[in-house]
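These exercises ask you to read a protein fold step by step, with the structure open beside the text. Try each task on your own before you turn to its solution.

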Amino acid sequence: MPAPKGWSNRFDEPIDLRDGRKLRTLKEAIAWLAKEIPRSEHTMPKVQAAARMVTEAAENDGPMIFARMGVMQAVHRHIAEAAPLGEEEAEEG
């Protein structure tokens with residue numbers, strides 16, 4: 001069964017992966033989420049959000065920027081988030 005037309009939508013800029021590959025389409029992004037992220041991490045909020053945003057963009061013409069942001073969050077899911085601006089100053093004072 002061929003993929004729905006929406007799955008062939010391309011990101012404005014490819015998403016670079018750590019291994020040098022690039023995700024260019026929604027179809028590539030959802031396949032990467034399904035195959036490359038360990039099954040034990042599929043329930044992580046960042047991974048779940050990415051899958052929802054990619055699916056929404058492909059099947060309901062949702063915003064591509066949200067799909068891109070979601071996939072980027074999933075790609076970098078193990079990188080600690082920085083403290084909000086000003087928070088360090090408040091702790092020091």
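**Exercise 1. State the handedness of the crossing of α2 and α3, and work out whether these helices run roughly parallel or antiparallel to each other.**

Solution. The handedness comes first: α2 and α3 cross in a left-handed way, and, like everything else here, this is read from a predicted model. For the direction, recall that two packed helices are described by the angle between their axes and the distance between the axes. In this pair the axes lie 8 Å apart and the angle is about 155 degrees. Angles over 145 degrees count as roughly antiparallel, and therefore α2 and α3 are roughly antiparallel to each other.

The next step is to see which residues make the contact. From α2 come Lys-46, Val-47, Ala-50, Met-53, Val-54 and Ala-57, and they meet Met-64, Phe-66, Ala-67, Gly-70, Val-71, Gln-73 and Ala-74 of α3. Sorted by character, the residues of this contact are 10 nonpolar, 2 polar and 1 charged.

**Exercise 2. Work out whether α1 and α3 are roughly parallel or antiparallel, and describe what kinds of residue lie in their contact.**

Solution. Begin with the geometry: the axes of α1 and α3 cross at roughly 30 degrees and come within 11 Å. Since angles under 35 degrees count as roughly parallel, α1 and α3 are therefore roughly parallel to each other. Their crossing, too, is left-handed.

Then look at the residues themselves, where Leu-26, Ala-29, Trp-32 and Leu-33 of α1 meet Met-64, Ala-67, Val-71, Ala-74 and Val-75 of α3. This contact consists of 9 nonpolar residues, with no polar and no charged ones.

**Exercise 3. Which residues touch the most other members of the largest nonpolar core, and which element gives the most to this core?**

Solution. The core has 19 residues, and those that touch the most other members are Leu-23, Leu-26, Trp-32, Leu-33, Val-54 and Val-71. Two or more residues come from each of β1, α1 (26-36), α2 (45-60) and α3 (64-75), and α2 gives the most, with 5 residues. To follow one member further, select Trp-32: leaving out residues up to four places away in sequence, Trp-32 touches Leu-17, Arg-21, Leu-23, Ile-37, Ala-74, Val-75 and Arg-77.

**Exercise 4. Decide whether Asp-61 is buried or exposed, and say where Asp-61 lies.**

Solution. Asp-61 sits in the loop between α2 and α3. Its relative accessible area is 67%, and exposed means over 50%, so Asp-61 is exposed. Its backbone deserves a look as well, since the phi angle of Asp-61 is near 55 degrees, a positive value in a residue other than glycine.

**Exercise 5. Which residues does Asn-9 contact, apart from its neighbours within four places in sequence?**

Solution. Locate Asn-9 in the segment before β1 (10-16). With those neighbours set aside, Asn-9 is in contact with Arg-24, Thr-25, Leu-26, Ala-57 and Met-64. A distance adds to this picture: the C-alpha atoms of Asn-9 and Ala-58 are separated by 7.1 Å, although these two residues are 49 residues apart along the chain. Asn-9 is partly exposed, at a relative accessible area of 29%.

**Exercise 6. What pattern do the strands and helices follow along the sequence?**

Solution. Count the elements, which are 4 helices and 2 strands, and then read them in order to obtain β-β-α-α-α-α.

Notes: Residues are numbered from 1 along each chain as its sequence is written. This is a predicted model: local features need pLDDT of at least 70, side-chain atom pairs count only at pLDDT 80 or more; totals for chains, interfaces and linings use all residues. Side-chain values use heavy atoms; hydrogens and water are left out. Buried means under 20% relative accessible area, exposed over 50%, partly exposed in between (1.4 Å probe, protein chains only). Contact means heavy atoms within 4.5 Å. A nonpolar core is a set of buried Ala, Val, Leu, Ile, Met, Phe, Trp, Tyr and Cys residues joined through side-chain atoms within 4.5 Å. Axes are lines fitted to C-alpha atoms, for helices over the stretch in contact, and angles run from 0 to 180 degrees between N-to-C directions. Angles under 35 degrees count as roughly parallel, over 145 as roughly antiparallel, 65 to 115 as roughly perpendicular and the rest as oblique. A crossing is left-handed if the near helix is turned anticlockwise from the far one by less than a right angle, and right-handed if clockwise. Ala, Val, Leu, Ile, Met, Phe, Trp, Tyr, Cys and Pro count as nonpolar, Asp, Glu, Lys and Arg as charged, and the others, Gly among them, as polar.
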